[in-house]
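Dear colleague,

I am passing on the structure we spoke about, and I would be glad if you could look through it at your own pace. My notes on what was found come after it.

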Amino acid sequence: MGLLKGKNVLITGASKGIGKSIAIRCAEEGANIGFTYLSSIEKGKALETELQNLGIKAKGYQSDASNSIAAEKLLNDFITDFGSLDGLVNNAGITKDGLLMRMTEENWDAVINTNLKSVFNLTKSAIKPLMKQKYGSIVNITSVVGLKGNAGQANYAASKAGIIGFTKSVALELGSRNIRSNAVAPGFIETEMTEVLDPKVIEGWKEGIPLKKSGNPADVANAVVFLISELSTYITGQVIQVDGGMLT
Ligand code: NAP
């Protein structure tokens, strides 16, 4: 307990799933939390209360991560509300699956903008305060799909692979300012995003995972806590897989 005591952390897409778990785990470790959502207003308000009940400062913002102007406003609001930014977690993401032959340009753009452009938007907007502080940890949520590809997810895989290249480039650019940039690549984690999958497909996947089970959002959140905390001050430019050994 207390690994993130007093740190101010901003997380995108935390109304549910992995983002929500990251917000709760960071708050349990003593961080103050700013988080965003897009359309889940009620869930966002409920999370704000849940986090405040943990005794830390918490605020939810309705903000579209794929919109650069909204991202800049979010960062300004966050700094005004919290005073500094110690950890930025780019988690917001969507899927719009389909074989390439049938994939529309609209579904390509939507996934690239929400998953990849959002990471550019938030990180770009965060650079000034981070460089001024000469301190900070950026954690981007990618996927094992970004490392190995996946049939029916060309848009998603491209967005997640793009995040990895971006993460490593930022680590190279900002390392001398004591700003770290890492990615977490979850494997199969049970959330609303994966609820839509065919149970037979899910069983097949579990069979192929060395630990023979799916992961929990908290498994991913624990890796994020580590990367924001002082336990990882000499780690940057890395991709940590949280996948039960799926991609080994
Ligand atoms: P989820 O349950 O569908 O939650 C997605 C979150 O992102 C929601 O809070 C949603 O907010 C938010 N969001 C979507 N578009 C947004 C936008 N334009 N601006 C701001 N917020 C937005 O998904 P999840 O399974 O927790 O996934 C979280 C991250 O982990 C994603 O990046 C995903 O690609 C990655 N990941 C997941 C898995 C898995 O197995 N679940 C595996 C690998 C990687 P609203 O509810 O308001 O729309």
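The notes below begin with the ligand and then turn to the pockets.

Please keep in mind throughout that this is a predicted model.

The ligand is surrounded by 30 residues, and the closest of them are Ser15, Ser39, Ser40, Tyr156 and Thr191. Sorted by class, the residues of this shell comprise 13 nonpolar, 14 polar and three charged ones. Among the helices, α1 (17-28), α6 (154-174) and α7 (192-195) each contribute at least two residues to the shell.

Three contacts with backbone atoms can be followed in the view above. A polar backbone atom of isoleucine 18 is 2.7 Å from an oxygen atom of the ligand, and a backbone N or O atom of serine 39 likewise lies 2.7 Å from an oxygen atom of the ligand. At serine 63, a backbone N or O atom lies 3.5 Å from a nitrogen atom of the ligand. Of the 900 Å² of accessible area that the ligand has on its own, the protein covers 94%.

Where, then, does the ligand sit with respect to the pockets? The space that the ligand takes is the largest pocket, and the volume of this pocket is about 1200 Å³. Its lining is made up of 48 residues, with Gly93, Ile94, Thr95, Thr191 and Met193 lying nearest the centre. Two or more residues of that lining come from each of α1, β2 (32-37), α5 (144-148), α6 and α7. By class, the lining of the largest pocket divides into 20 nonpolar, 21 polar and seven charged residues. Thr191 is worth locating when you open the model, since this residue is listed both among the closest to the ligand and among those nearest the centre of the largest pocket.

The second largest pocket has a volume of about 310 Å³. Its lining includes Ser68, Glu72, Leu75 and Asn76, as well as Phe120, Asn121 and Lys124. Both α3 (68-82) and α4 (105-133) supply at least two residues of this lining, and the largest share, seven residues, comes from α4. In terms of class, five of the lining residues of the second largest pocket are nonpolar, four are polar and three are charged.

With best wishes

Conventions: Residues are numbered from 1 along each chain as its sequence is written. This is a predicted model: local features need pLDDT of at least 70, side-chain atom pairs count only at pLDDT 80 or more; totals for chains, interfaces and linings use all residues. Side-chain values use heavy atoms; hydrogens and water are left out. A residue is near a molecule or strand if one of its heavy atoms lies within 4 Å of it. A polar contact is a pair of N or O atoms within 3.5 Å; within protein, one must be able to donate a hydrogen and the other to accept it, and residues adjacent in sequence count only if both atoms are side-chain atoms. Accessible areas come from the Shrake-Rupley method with a 1.4 Å probe; for residues, only the protein chains shown count as cover. On a 1 Å grid over the protein atoms alone, a cavity is a set of points where a 1.4 Å probe fits but cannot get out, and a pocket is an open set with protein on both sides within 12 Å along at least five of seven lines; lining residues have an atom within 4 Å of a point. A molecule sits in a cavity or pocket if more than half of its atoms lie within 2 Å of its grid points. Helices (H or I, at least four residues) and strands (E, at least two) are DSSP runs, numbered from the N terminus. Ala, Val, Leu, Ile, Met, Phe, Trp, Tyr, Cys and Pro count as nonpolar, Asp, Glu, Lys and Arg as charged, and the others, Gly among them, as polar. Grid points are joined across faces, edges and corners, and a volume is the space filled by probe spheres set on the points.
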